[in-house]
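Here is a short report on the internal spaces and the disulfides of a predicted model. Have the structure open while you read.

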Amino acid sequence: QKVPLVISYSAVNPVLKSVLQPSYSDTSAAMASRRSVFAFLLCFLQLYDALDNGLARTPPMGWMTWERYTCSTNCSGPGGCISEELIKEMADLLAIDGWKEAGYAQVSIDDCWAMRDRDEEGRQVPDPHRFPSGMAALGKYIHDRGLSFGTYSDIGSKTCAGFVGLKDHFDTDAETFASWGVDYIKVDGCYEALPDMARHYPAFGAALNKTGRPIVYSCSWPAYMPHHCEGEDGCMSTLVEHCNLWRNFEDVSDSWDSVSGIIDFWNRRNVSDEIVASAGPGHWNDPDMLMIGNFGLSETQEQSQFAIYAILAAPLFMSNDLRSMPATSRDILLNREIIAVNQDVLGKQGYCSHGCDSELRIWVRELQGGDAAVVLQNSGSFGDGADITVTVSSLPWFPQGGHFTARDLYSHTDLGQFPGSLTLYVHESSVKMLRLTPLPALTAVVV
């Protein structure tokens with residue numbers, strides 16, 4: 001009897017790691033070469049059952065149709081609809097307008113692209129009026145611009161909007177997505193019984209692996225569980241084993257109440273918290289899309305979402321109209337210093353270290369090399385602001401009692417050296433984001 005051999009990405013030698021790890025600077029030819037090598041390795045090694053697929057080693061970044069375009073299928077109205085035309089426009093802008101170079105290298109179609117029934121061969125098909133060229137052609141268009149192609153389905157019989165789901169067609173649908181050139185798929189959990197999710201999400205991941213194509217797998221499983229896969233739900237370890245990322249909580253909408261409610265869910269107190277500890281290279285918690293560039297957040301609230309998502313090592317998926325991006329929103333989203341924090345290769349998710357039950361919070365994240373990313377958040381909504389003080393006691397990996405340098409990542413300003421603490425004034429509904437570097441014990445403090 002032939003026994004499938006399961007290997008870990010971490011066990012692959014460094015040469016093969018460099019082949020498997022995609023680069024945002026890849027040409028379409030280079031991307032094709034990587035995929036060919038990946039397919040060969042999958043066939044040779046029979047890597048069918050484990051999702052440790054070498055993908056999403058840092059949080060994915062890109063653009064997604066939902067929440068801005070939801071399930072808009074009326075293409076005669078203003079603003080656009082879920083269509084080939086919209087996807088091509090956004091792909092063009094990502095490729096030529098500085099977004100791809102900053103890391104936003106994926107275009108993802110969420111719900112409402114498919115027909116409500118399968119074709120006579122039992123396959124999912126796109127709406128022929130809104131996607132007249134077909135998905136394979138659209139995938140090629142996206143790849144030709146050096147971008148990745150993302151799509152959506154549902155583990156149940158229907159998607160959340162009532163279009164055809166994956167149920168009873170895992171192998172067929174995985175093969176179909178692979179034939180279209182899909183690089184990423186988000187799988188929702190509507191129209192599925194909760195007890196079946198523990199079998200069906202891993203089973204579809206195995207079906208993706210069997211195609212021989214590297215496809216990042218996003219699961220929405222914990223968003224449907226009563227405890228978000230924590231504690232007695234008992235599914236967090238299964239998520240880490242079988243999914244590259246997963247939605248934990250409710251859908252984001254374009255309002256500060258929604259964004260701040262999601263931030264409050266992520267108000268975790270230490271690195272050993274079950275959800276915080278589950279994140280790392282190849283497997284990420286997903287607090288949902290960035291609302292930056294839409295209508296519901298002020299500039300300081302947009303800064304707050306971006307800064308805290310960087311601390312959380314969250315996937316950075318914009319859902320906005322790149323054709324009409326306010327300059328202030330664009331500057332926030334293209335802040336390379338904050339993106340570098342989000343994409344830090346150590347892959348540790350941050351947490352709230354002080355003031356977590358108050359309006360004045362300190363969020364921290366350990367970075368490769370020992371630096372700290374710190375967000376001083378004033379979540380209040382009344383008055384002008386308040387002082388917030390960060391000390392080395394908030395940073396357990398720093399030498400206690402030592403000095404550090406600080407850099408403001410929004411003003412791009414070096415603030416100087418500090419003897420163990422730093423106090424900054426933070427306005428209501430605003431943040432300060434810092435990068436702190438510990439200094440050797442004998443380094444003098446310049447006053």
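**Cavities**

Start inside the protein. Met 64, Lys 186, Ser 218, Arg 247, Asp 286, Asp 288, Met 289 and Phe 317 line the largest cavity. Its volume is about 50 Å³. Four of the lining residues are charged, three are nonpolar and one is polar.

How many cavities of 30 Å³ or more are there? The count is two. The second largest cavity holds about 40 Å³. Its lining includes the run Asp 111, Cys 112, Trp 113 and Ala 114, and also Gln 124, Tyr 152, Ser 153, Thr 159, Phe 163 and Val 164. By class, six of these residues are nonpolar, three are polar and one is charged.

**The second largest pocket**

Now turn to an open space. The second largest pocket has a volume of about 180 Å³. Its lining has 14 residues, and Cys 160, Asp 188, Tyr 224, Arg 247 and Asp 251 are the ones nearest the centre. Seven lining residues are charged, six are nonpolar and one is polar. Strand β4 (184–188) and helix α8 (221–224) each give at least two residues to this lining. Arg 247 appears here and in the lining of the largest cavity.

**Disulfides**

The model has six disulfides. Numbered in sequence order, the bonded cysteines pair as 1-4, 2-3, 5-6, 7-10, 8-9 and 11-12. Three of the links are set out below.

| Pair | S to S | Angle about S-S | Hand |
|---|---|---|---|
| Cys 75 and Cys 81 | 1.9 Å | 85° | right-handed |
| Cys 219 and Cys 243 | 2.1 Å | -90° | left-handed |
| Cys 352 and Cys 356 | 2.3 Å | -110° | left-handed |

Which parts does the link of Cys 219 and Cys 243 tie together? Cys 219 sits in strand β5 (residues 216–219), and Cys 243 sits in the loop between α9 (236–242) and β6 (245–247), so the disulfide ties parts 24 residues apart in sequence. Cys 219 is buried, at 0% relative accessibility. Cys 243 is buried too, with a relative accessible area of 1%.

Is Cys 75 buried or partly exposed? Cys 75 is partly exposed, because its relative accessible area is 44% and buried means under 20%. Its partner, Cys 81, has a relative accessible area of 3% and is therefore buried.

In the pair Cys 352 and Cys 356, Cys 352 is buried at 0% relative accessible area. Cys 356 is buried at 8%.

Definitions and conventions. Residues are numbered from 1 along each chain as its sequence is written. This is a predicted model: local features need pLDDT of at least 70, side-chain atom pairs count only at pLDDT 80 or more; totals for chains, interfaces and linings use all residues. Side-chain values use heavy atoms; hydrogens and water are left out. On a 1 Å grid over the protein atoms alone, a cavity is a set of points where a 1.4 Å probe fits but cannot get out, and a pocket is an open set with protein on both sides within 12 Å along at least five of seven lines; lining residues have an atom within 4 Å of a point. Grid points are joined across faces, edges and corners, and a volume is the space filled by probe spheres set on the points. Ala, Val, Leu, Ile, Met, Phe, Trp, Tyr, Cys and Pro count as nonpolar, Asp, Glu, Lys and Arg as charged, and the others, Gly among them, as polar. Helices (H or I, at least four residues) and strands (E, at least two) are DSSP runs, numbered from the N terminus. A disulfide is a pair of cysteine sulfur atoms within 2.5 Å. Buried means under 20% relative accessible area, exposed over 50%, partly exposed in between (1.4 Å probe, protein chains only).
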